[in-house]
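Colleague: Could you walk me through this one? I'd like to go over the helices, the sheets and the cysteines.

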Amino acid sequence: MASSIAESPPRPGTLIQPGAQPGTQPRFPPPNRPRRFGIAVRITLGLSVMALLVVLIGGVSMSSFRLFRAEVTALSTTTLPEVIASADLHGSLQKLVAQLPQLAAATSTPQRRSIYDGLVTELDSMQLLVARMRGLMKESGNEDGERDGNVRLLEQTRSTLLILAATVADLNAEVTRQIDYGDRQAEAARGLSRLAASIESMPDTGAWAVRIGALMARAAGASQLDHLSRLKGEARAAERTLADLARLSADAPDATGQMMSTVQEELFSLLIAPGGVFHSAIDRLQARNRAQALTGQARVLVETVERSTRTLNDSIRDQSAQRTDALAELIAERSRTVMMLAGASIILAICVYFIFRHFLSSRLVAMNRAVLARLSAGHADAGRPRTAGSVASGPAANVPVPVPVDGDDEITDIGASIRYFIDEIDRRQRALADNERRFRDLVEGSIQGIIIHRDFHPLYANDSFAAMLGLTVAEVMALPSLLALVPVEERNGLIDNYDRLLDGGSTPRRRIRACRPDGGSLWVELTGRRVDWMDGPAIQAVVVDVTREVEAENALRQSRDAAERALCELKATQASLIQAEKMASLGQLVAGVAHEVNTPIGITITGASQLQALIEELSERHAASALKKSDFQRFLGDGMEMANLILSNSTRAANLVQSFKLVAVDQSSDERRAFLLRDYIDELLRSLHPTYKARAALTISVDCPVDLELDGYPGALSQILTNLIMNALIHALDPEQPGGIAISARPCDGDMVELSVADDGNGIAQEVLPKIFDPFFTTRRGSGGSGLGLHIVYNLVTGRLHGTIGVESRPGQGTRFTLRFPRVTDPA
């Protein structure tokens, strides 16, 4: 079978007679004549022409789209914004025309300021619109004569707007002066009214009073004049009248003359002096005249701008209409071109269809019918029972349906190849039948159980599967359902696997408990796959008896569970011992601090009681009026001494309590915070001082930068340093001998910190050094050592601080513990 599959089929175009063996020369070789115009050439030519038309249509469409997009872009980005800006410019100009007379006619400062701000805003807006239109014209890149004329109009408009802005500013200044002078004139008129009221209460002075009244009435009428020359004449006449009145007041008696001079001076300041009625009226008329002239000039400028903007607006609208008409003409022209090319493509496609149908599809349909007829005949032969001889004879006993091979092109070669493959399939079917017999023999003799079922109804079973169940093959085939052989809890899983395999999926190897019909049980391992069996899908399962392996695994699992329970108990014991060690360390710290605090508290109590006695004695002497200066001075000296004693010992006790509180809280909690390392080490040593204060010969030195700040867990660091110092005091240093502990810290390697604790004590033996971090290892087992101090240190350094710890020691030369950890510790 392998050799027959490996043989190569003949070259397409060769004819094989039925029954001929592959690899032999064909009896009827095809005529060797050249092909001038084959199917491939025809198809290539037709498709090339169609592709050419499609490319042509696509090129025209893309070119039209680019032109259309360019024109639309120009309209949307240049022409349309220009039209909108031109319309906005014209609208702003209309607002400006409406507001200019209002500014000239303003009668109050708030009204004038509001109108002027509106005018300035409109002028700024118009300048921005002109600049925007100039930028749009530059972006368009069109330098024709009409565009240059628009640019000149814009420049003219811009310069005119600048002049108009200056004119409006001057007009605003003149209107401001007009309003100011009007206010001064009104104020002077009110002062004149007050003066007239005061003159009425004066004693009668004859002709002088009459002339004063006439002058004031004349001044009141003259202030309403709108003629500048007449107003100036009235002012000169009033000045002469005041001079005459001055001579009359000089001839009057002293008291009356003094009163008349005073009235005359006040009247002069109200009428003739700067800020008076006449002076303010003259300035107001002059400012009004200038404002009227500026208003006329502004109107001329506005008319100039209006003519320019109207001309510019008309030009821009004409350009927009021309561009829109050109775009419409372009769309119509390109649409006609595309429609013509599309019509030509449709006609060409119809022609190619009929050509292909004549030369290709009709011949392929005839060939397909011949092949289907040949396959139908083959199925009819396969449905009849065959003997060994009939199988050997194969399709040679039937006359094959001929496949048409007429023509001189590639379809002829295809027909010849189909004839060859039909004969080859017949030969391989016979080989497949032989292989099927050999495969059946192999499966029947397999030592693994094989079962084929559909919906768990057995279709095939080999002897090995039947032997596993203690049945015969016939008894297995008579079973109503294979699910009766498995426990109820396993059936849903088997049904799910069955459905998954039928859907084309895969399932992992499955191990289940099976039940024999005789009541026994066994463990089996299943592997399934989907097969086609007896005209329908089925499941083939390979069953292996793994009862001995399962029993061995159960025994191994029980042993492992027992070991895990023992390990958990050991870890729980270790955790409780570690907690006890921590609480014992904290208890020692509490006891030492309590003993240390008792001394300053006792001194404080003694000083307070002594101070109370001094105060009572002083109070008794004062009550008996027997208080002397020397007694009071002695009380001041003794009281100050007692107060200093109380203060110093209270401060000492407070510092001890504060240090103990800081260290104890950190040791009993896992709070994360930022802290200065040097200050924290000093606080820790202060809280540990009661533990080693009896050792007079002991020195502890600290070498650490003052500004070295850590961000981490001070409680863990406190416990580490406490254990290392207590370890040195217990194991390394003799109480009666001089000794020292050196604590140093420095930053290193970027954001790392190196902290070392060294002593000059006994050192550690080389055989003991590798075991010092092991849990429960101690050299003082009989003296209360638990063997957890350095183990706790190692766990805190590597776990909580994410660092490393190393130790260097030689007997008689001391020990150095070196810690390296990040300055900013990652969260736990």
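Modeller: Sure, one term before we begin: a contact here means heavy atoms within 4.5 Å. This is a predicted model, where local features need pLDDT of at least 70, side-chain atom pairs count only at pLDDT 80 or more, and totals for chains, interfaces and linings use all residues. Residues are numbered from 1 along each chain as its sequence is written, and side-chain values use heavy atoms, with hydrogens and water left out.

Colleague: Which residues is Thr-304 in contact with, leaving aside neighbours within four places in sequence?

Modeller: Thr-304 has its place in helix H8, residues 277-383. (Helices are DSSP runs of H or I, at least four residues, strands are runs of E, at least two, and both are numbered from the N terminus.) Once neighbours within four places in sequence are set aside, its contacts are Gln-156 and Thr-160.

Colleague: And Thr-167, is that buried or exposed?

Modeller: Thr-167 belongs to helix H4, residues 145-200, and touches Leu-294, Gln-297, Ala-298 and Leu-301, not counting residues up to four places away in sequence. Buried means under 20% relative accessible area, exposed over 50%, and partly exposed in between, with a 1.4 Å probe and protein chains only. Thr-167 has 4% relative accessibility, so the verdict is buried.

Colleague: Where is confidence highest in the protein?

Modeller: pLDDT is the predictor's confidence in each residue, from 0 to 100. The protein's mean is 75, and 78% of its residues reach 70 or more. Residues 1-34 stay under 50, as do residues 385-397. The lowest mean is 35, in helix H1 (residues 2-6), while the highest, 95, is in strand E12 (residues 815-822).

Colleague: Which strands stand at the edges of the five-strand sheet, each with a single partner?

Modeller: Two strands pair if DSSP finds at least two bridges between them. The open sheet runs in the order E2-E1-E5-E4-E3, with antiparallel pairing. One side of each edge strand has no neighbour in the sheet, because each has a single partner: they are E2 (457-461) and E3 (510-515).

Colleague: What angle does helix H13 make with E3?

Modeller: Within that sheet, E1 (residues 449-454) and E5 (residues 537-545) are joined antiparallel by five bridges, with Ile-450 opposite Val-542. H13 (residues 488-502) packs on the sheet and touches E1, E3, E4 (521-532) and E5. Axes are lines fitted to C-alpha atoms, for helices over the stretch in contact, and angles run from 0 to 180 degrees between N-to-C directions. On that basis, the direction of H13 and that of E3 make about 130°.

Colleague: Which residue in the turn between E9 and E10 has a positive phi?

Modeller: E9 (residues 739-748) runs parallel to E7 (residues 698-703), joined by six bridges. E9 also pairs antiparallel with E10 (residues 752-759) over eight bridges, and Cys-748 stands opposite Met-752. Three residues lie between E9 and E10 in this hairpin, and the one with a positive phi, of about 50°, is Asp-749.

Colleague: Back to the cysteines: how many disulfides does a search of the whole structure find?

Modeller: Cys-748 is buried, at 8% relative accessible area, whereas Cys-351 is partly exposed, at 39%. A disulfide is counted when a pair of cysteine sulfur atoms lies within 2.5 Å. Searching the whole structure on that criterion, the number of disulfides is zero.
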